[in-house]
Amino acid sequence: MTPILEVAGVRKTFGGVVANNDISIQVPPGKIVGLIGPNGSGKTTLFNSIVGYHPVDAGSIRFDGNEITQLRVPEIARLGMLRTFQQTRIYGLMTCVQNMQISARTTQGAPWQVMFNRIPPEDTERAEALLEFVGLYAKRHLRAGDLSFGQQKLLEFAMALMSEPKMLLLDEPTAGINPTLINGLMDRLQRVNADLGVTLLVIEHNMRVIMNLAEYIYCLAHGELLAFGKPDEIRNDQRVIDAYLGAH
Ligand SMILES: Nc1ncnc2c1ncn2[C@@H]1O[C@H](COP(=O)(O)OP(=O)(O)OP(=O)(O)O)[C@@H](O)[C@H]1O
């Protein structure tokens, strides 16, 4: 099966720090793939390279049949790939619905124009349906800044779905989420994948979550690709265990 995302030999340095060295990963369409590794192993840097946040030093990145190595964030987003963040990026003074409307494909101009422009009714309908999907419908008219951190992450996830992406890169979706809400979030991620057909690449430190969610897992350590396999293979891989325990 042709991968929807193909990263080949990517290298990214910051001054003397080699954050990613010769990283190659492939994500098949319609799958959930995990990206794990100890703190500082280069996971977020790889996400940033993939979505065009910064140029890479070497290597190539292809998405959905397009060479995207030289493209920047808005162009890659238009092709259907978005990322979410460890720390949420929402507009705290705007309501949940307004945050959603900003993320709609049809919205033009600066975010605050959402408050003044006529919003297509279908955008509002879709916004409310997605807020329902993530369990925030009752809070749709509250200011986003008044939500808990976990709820803000759900809002950010719903915002990412507003533009009907083909693929989402999720950076620690369960971090900071109340443990009792984590199962509900996992269920929603699985439904987005199965029902909407969105391919997911997920950075996650919660091993229970990623082992249950992902069909395949890549593990980075010290900026290098350390291991790749099914969850059971990764769980039992001595190199992975050593990397997490701090052995070199
Ligand atoms: N903008 C930057 N400038 C300088 N160094 C950076 C920058 N971004 C990342 N690094 C360095 O690159 C390395 C990889 O960092 P990165 O954030 O990609 O790791 P990570 O695996 O996502 O870590 P965490 O799990 O803690 O989020 C680290 O040594 C980090 O300090």
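Colleague: Why are H4 and H5 called oblique to each other?

Modeller: In this predicted model, the axes of H4 (residues 121-133) and H5 (residues 149-162) cross at roughly 140°. Roughly antiparallel would take an angle over 145, and roughly perpendicular runs from 65 to 115, so the pair counts as oblique.

Colleague: And which hand does the crossing have?

Modeller: Right-handed, with H4 passing H5. Their axes come within 9 Å.

Colleague: What makes up the contact between H4 and H5?

Modeller: On the H4 side you've got Arg126, Ala127, Leu130, Leu131 and Phe133, and they meet Ala158, Leu161 and Met162 of H5. Sorted by type, that's seven nonpolar residues, one charged and no polar. Arg counts as charged, so Arg126 is the charged one.

Colleague: OK, on to the sheet. Why are E6 and E10 said to stand at the edges?

Modeller: The sheet is open, with six strands in the order E6-E7-E8-E3-E9-E10. Strand E6 (81-83) and strand E10 (224-229) each have a single partner strand, so each has one side without a neighbour in the sheet. The pairing is mixed, and the twist averages 15° from one strand to the next.

Colleague: How do you know that E3 and E9 really pair?

Modeller: Count the bridges: four join E3 (residues 32-36) to E9 (residues 216-221). Pairing needs at least two, so these strands qualify. They run parallel, and Gly34 stands opposite Ile217 in E9.

Note on methods:
Residues numbered from 1 in each chain as written. Predicted model: local features only at pLDDT ≥ 70, side-chain atom pairs only at ≥ 80, totals over all residues. Axes fitted to C-alpha atoms, helices over the stretch in contact; angles between N-to-C directions. Helix = DSSP H or I, 4+ residues; strand = E, 2+ residues; numbered from the N terminus. Parallel < 35°, antiparallel > 145°, perpendicular 65-115°, else oblique. Left-handed = near helix turned anticlockwise from the far one by under 90°. Contact = placed C-beta atoms within 7 Å.
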